[in-house]
Amino acid sequence: MAKSIKPLVKSPLAITGLSIVMICSSLALIYLRLQNLRSLPSLNPFIEAINFQDLGLPMDDLTINVAFFSDIVILSISFVPLILGIGLWNLYSWARAISVCLLTSVLIPSIMAVIGIVSDRGATIGTNLIISFVCAIGLAILLNPKIISTFKRKRTID
């Protein structure tokens, strides 16, 4: 007879929901960043040749396409919520700690943009309100004492 492996601690519904939101938003960001990379006008995204004789530059001067590398960095950062969502799903305490840091680092600038302390050219006040609201809910979930104790309990095999 085969023994079944059951975790003693099941993932609370709030953590499951937060994990799903993080994973889905990360997948959406990854998709958008890949579309951004495909839409770059350069045929050779790494290096573009400057062919402007009237600027006084030699024909062999090369420049780095900053947009390509910027999109690569943003694409790489888009994988962070995916990894954290999977970590939260599996109740890893490191994922909870890093998620608290990530949500706080997004919440504070969003609130500051809504209040008008800083300007955010990339998002409207409504978008910043939604971001602030989602981050606040995520922090409320992750900082709940019952959730914290769930992450502290070790999973065991029966």
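How many disulfides does the structure hold? The structure holds zero disulfides, where a disulfide is a pair of cysteine sulfur atoms within 2.5 Å. Of the cysteines, Cys24 counts as partly exposed because its relative accessibility is 48%, while Cys101 counts as exposed because its value is 54%; here buried means under 20% relative accessible area, exposed means over 50%, and partly exposed lies in between, with a 1.4 Å probe and protein chains only.

Before going further, I should say that this is a predicted model, in which local features need pLDDT of at least 70 and side-chain atom pairs count only at pLDDT 80 or more, while totals for chains, interfaces and linings use all residues. Residues are numbered from 1 along each chain as its sequence is written, and side-chain values use heavy atoms, with hydrogens and water left out.

The pLDDT, which is the predictor's confidence in each residue from 0 to 100, averages 80 over the protein chain, and 74% of the residues score at least 70. Over residues 48-53, however, pLDDT stays under 50, and for this stretch the model has 14 contacts beyond four places in sequence, a contact being heavy atoms within 4.5 Å.

Turning to the fold, the protein chain has six helices and two strands, which run α-β-β-α-α-α-α-α from the N terminus on; these are DSSP runs numbered from the N terminus, with helices (H or I) of at least four residues and strands (E) of at least two.

Ser99 lies in helix H4, and Ser99 counts as buried because its relative accessibility is 0%. Leaving aside neighbours within four places in sequence, Ser99 is in contact with Met22, Leu84, Leu88 and Leu142. Over the protein chain, buried residues make up 28% of the 158 residues.

Finally, the largest pocket: a pocket is an open set of points on a 1 Å grid over the protein atoms alone, where a 1.4 Å probe fits, with protein on both sides within 12 Å along at least five of seven lines, and lining residues have an atom within 4 Å of a point. Its volume, the space filled by probe spheres set on the points, is about 750 Å³. Of the 24 residues that line this pocket, the closest to its centre are Ser25, Leu29, Pro81, Val106 and Cys135. Helices H1 (13-38), H2 (66-77), H4 (93-115) and H5 (125-142) each supply at least two lining residues, and the largest share, nine residues, comes from H1.
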